[in-house]
Structure formats: C-alpha cells, structure tokens
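Reader: I should like to go through this model with you, one question at a time. Please explain each answer before you give it.

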Amino acid sequence: MSGRVLAGRELAATIRAGVAERAADAGHRPALAVVSATEDEASAWYVRSIAKAAGTVGIECRLVDLGPAVGPDQITDTLARLSADDRISGVILQTPLPGGARLAALAGAIDPGKDVDGANPRSLGRLAAGLPAFPPATAAAVLAILDHYRVPLAGRRAVVVGRSTVVGKPVAQLLLDRDATVTVCHSRTVDLPSVTGTAELLVVAAGRAHLLGPRDVAPGAVVVDVGANPTPDGGLAGDVDPAAGQRAGALTPVPGGVGPVTTALLLQHTMDAAEGAGGGGPG
Ligand code: NAP
C-alpha cells in the first residue's frame, strides 16, 4: 500500500491568501528586504520565487544585491540600516555568504522584530527559552504541514536528521515544544538507519539526495523531506527516495512539499512583523 502524499502547494496558497487579505486591510504595502551577496544560481532562483510570491500578496520585495566581493562589515551595516528603516518590515540574508562567513555570525545585525527567517542567534535563543521569536521559515513550514494534515505530535517518537541552525535545530526545538520525544541525527551518527527506522515521525534535512530509502523508514511513519538538492537536469531531489513513500504512512513530495510552504510563511512572518507581532519583544 502506498503512503499518503503530504503536499504543500495547496496549504501554501491558503497561507498566501490569508496574507493578501491582511495586506489589503493594512492599507499600506509591507516590505521585505532580501540581502544577497552571492552569484549562486540556487539562491538567485529562491530570491526570484520569493519576489514573485510577495508580489501576489501585496508585499514589496526589495532586493539588495551586494555582490560576492563584499566584506562582512558592509553586510552587517546593510542589515542594521534596513532594520532601522521604518518602511521595511522584514529583513533576510541569503546564503551562501562570501568568504565562507556563517549566517549566524552576520545575522545578529538583523533586528529580532524584523528577523522573519529566524536567522539572528537571539531568535533561536528566544525560541529555545520559550519566548516570542520568529522561527526560521523552513522549520515553521515543517510544523505547518504536520498541523495541516493533523499529524499528532505529543508523545510521538520523532527523529530529525540534520542539526543546522536554519532547519534541524529549530525543527527539533519546535517538535519538543509540542511534546514530541526528539532525537537529532547528524553526519557522525553511527548506523543512521537504526535510528531513523525507530521514528514515528521523521524529518530529514541533510542536503544529501536520497540519503534515506524505503528500508530506512518504519512502516507507517510520517516522513517530512526538507531536502532540496539540485539535479543535473535542473530539477530538485529530496533527501528521501520517493520509493520510501510506499512503506511510510505519509511523505512530503519534493518539489511541492516543504518548499512552497516555506516561502508562504516567510511572507506571513513579514506581515506579522508589519503588525508588530513576532520576535524581539520582552515576551
Ligand atoms: P546544512 O547546513 O548543510 O546541514 C546539513 C545537516 O545534515 C548537518 O547537520 C549534517 O551533519 C547533516 N548531515 C549531512 N550528511 C549527513 C549524513 N550522511 N547522515 C546524517 N546527517 C547528515 O543544510 P541545511 O541548510 O540544514 O539544509 C538541509 C537541506 O534542506 C538541504 O537540502 C537544503 O537545500 C534544504 N532546505 C530546504 C528548504 C526549503 O524551503 N525546502 C529550506 C532550507 C533548506 P553535521 O552537522 O554533522 O555536518
């Protein structure tokens, strides 16, 4: 028997419609600033998709392209300047960054109240402390899909593969907040399938195409595939072989799963920030 497909496009459209309604009611156009310092093709594609989606919901997307030769100080100055600009509601910094700079090291310059992709380490810290903060949009998208399909979380054995600050760690935190029993795996985990095979809920964010196959998931498990790995033919492959969907109870597709929901939530966070909700307050 084949598992359920937990598609994200319809949910993303519902989220965008809600944002569009709020933007129309607001009577002004919230702006999202996207700071980029890379010529990376995948990043450029992502920025275009944010700009396109923003346009459909009445959010202005302001691209600030600093080019790959820019230094870290100029990046942080730009983030601070945009954060201080009353006309801008949300600020995000695209990766990869020049010179191998770490996102967390530079994103501290984004005001937590405008940190709509939860990149400022203060946002992650506040999240861990149970204080209001914007979670990274991808981590929020994982939870949004699980909630949309009414997947129970409390008491569930959840395994997260990946421990990055943008996906793995915040997903683990959000699942913990929802009373799941969470195990986090990474590249040094010994015998990965022996752990993933115990998961009732499996979230995979390793960035390795088809890292896990049908034998690595438990029968009936709910599997969220965050992976978005470019393929030679210009497509995208997930971290989970789609054949695993036949053994799992449910699997998100790639493309069309977590990706569109992530973009929609980035816009929702921008709207939240424009209305003064979200991260950074005294909580
Ligand atoms: P990342 O920063 O490269 O982190 C990857 C994580 O996976 C690391 O913690 C790494 O372990 C772990 N890992 C790598 N190989 C592994 C292996 N063989 N076994 C077990 N763990 C392994 O990547 P990321 O930014 O979190 O992104 C992960 C994936 O999600 C990528 O495919 C990315 O494109 C995708 N993504 C999708 C969206 C979306 O909206 N759909 C958004 C963001 C990211 P170590 O810590 O030990 O190195």
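**Loops, a helix and the ligand**

Author: Let us begin with a loop residue: Asp191 is located in the loop between β6 and α8 (192–196). The model is predicted.

Reader: Is Asp191 buried, partly exposed or exposed?

Author: Asp191 is a residue other than glycine, yet its phi is positive, near 55°. Its relative accessible area is 46%. Buried would require under 20% and exposed over 50%, so Asp191 counts as partly exposed.

Reader: Where does Asp179 lie, and what is its relative accessible area?

Author: Asp179 lies in the loop between α7 (168–177) and β6 (181–185). Although Asp179 is not a glycine, its phi is positive, about 70°. Exposed means over 50%, and Asp179 is exposed, at a relative accessible area of 52%.

Reader: Which residue just after α6 takes a positive phi?

Author: Helix α6 covers residues 137–148. Just after α6, a positive phi of about 55° is found at Arg150.

Reader: Which peptide bond is cis in the loop between β4 (90–93) and α4 (103–106)?

Author: That loop holds Pro96. The bond leading into Pro96 has omega near 0°. The cis peptide bond is therefore the one from Thr95 to Pro96.

Reader: Which residue does a cis peptide bond join to Pro255?

Author: Pro255 is placed in the loop between β11 (250–251) and α9 (258–274). Omega is about 0° for the bond in question, and the residue joined to Pro255 is Val254.

Reader: How many residues of α6 are buried?

Author: Helix α6 has 12 residues and reaches 16 Å from its first C-alpha to its last, close to the 16 Å expected. Its buried residues include Ala137, Thr138, Val142, Leu143 and Ile145. The helix is mostly covered, and the number buried is 10 of 12.

Reader: What covers the buried residues of α6?

Author: A contact here means heavy atoms within 4.5 Å. Both helices and strands contribute to the cover, which includes α1 (9–26), α7, β7 (201–204), β8 (222–225) and α9.

Reader: Is Thr196 buried or exposed, and which residues does it touch?

Author: Thr196 belongs to helix α8. Its relative accessibility is 1%, and because the limit for burial is under 20%, Thr196 counts as buried. Not counting residues up to four places away in sequence, Thr196 touches Val159, Val161, Leu202, Leu212, Asp216 and Ala218.

Reader: How many of the residues that surround the ligand are charged?

Author: The ligand is surrounded by 21 residues, and the closest are Thr138, Arg163, Ser164, Ser187 and Ala228. Thr138 is also among the buried residues of α6. The shell contains nine nonpolar residues and 10 polar ones, while the number charged is two.

Reader: Which residue has a polar side-chain atom 3.4 Å from an oxygen atom of the ligand, and how much of the ligand does the protein bury?

Author: Backbone N or O atoms also approach the ligand: one of Ala228 lies 3.0 Å from a ligand oxygen, and one of His186 lies 3.4 Å from a ligand nitrogen. The side-chain atom at 3.4 Å from a ligand oxygen belongs to Asn229. Taken alone the ligand exposes 930 Å², of which the protein buries 69%.

Key: Residues are numbered from 1 along each chain as its sequence is written. This is a predicted model: local features need pLDDT of at least 70, side-chain atom pairs count only at pLDDT 80 or more; totals for chains, interfaces and linings use all residues. Side-chain values use heavy atoms; hydrogens and water are left out. A residue is near a molecule or strand if one of its heavy atoms lies within 4 Å of it. A polar contact is a pair of N or O atoms within 3.5 Å; within protein, one must be able to donate a hydrogen and the other to accept it, and residues adjacent in sequence count only if both atoms are side-chain atoms. Accessible areas come from the Shrake-Rupley method with a 1.4 Å probe; for residues, only the protein chains shown count as cover. Ala, Val, Leu, Ile, Met, Phe, Trp, Tyr, Cys and Pro count as nonpolar, Asp, Glu, Lys and Arg as charged, and the others, Gly among them, as polar. Helices (H or I, at least four residues) and strands (E, at least two) are DSSP runs, numbered from the N terminus. Buried means under 20% relative accessible area, exposed over 50%, partly exposed in between (1.4 Å probe, protein chains only). The expected span of a helix is 1.5 Å times one less than its number of residues.
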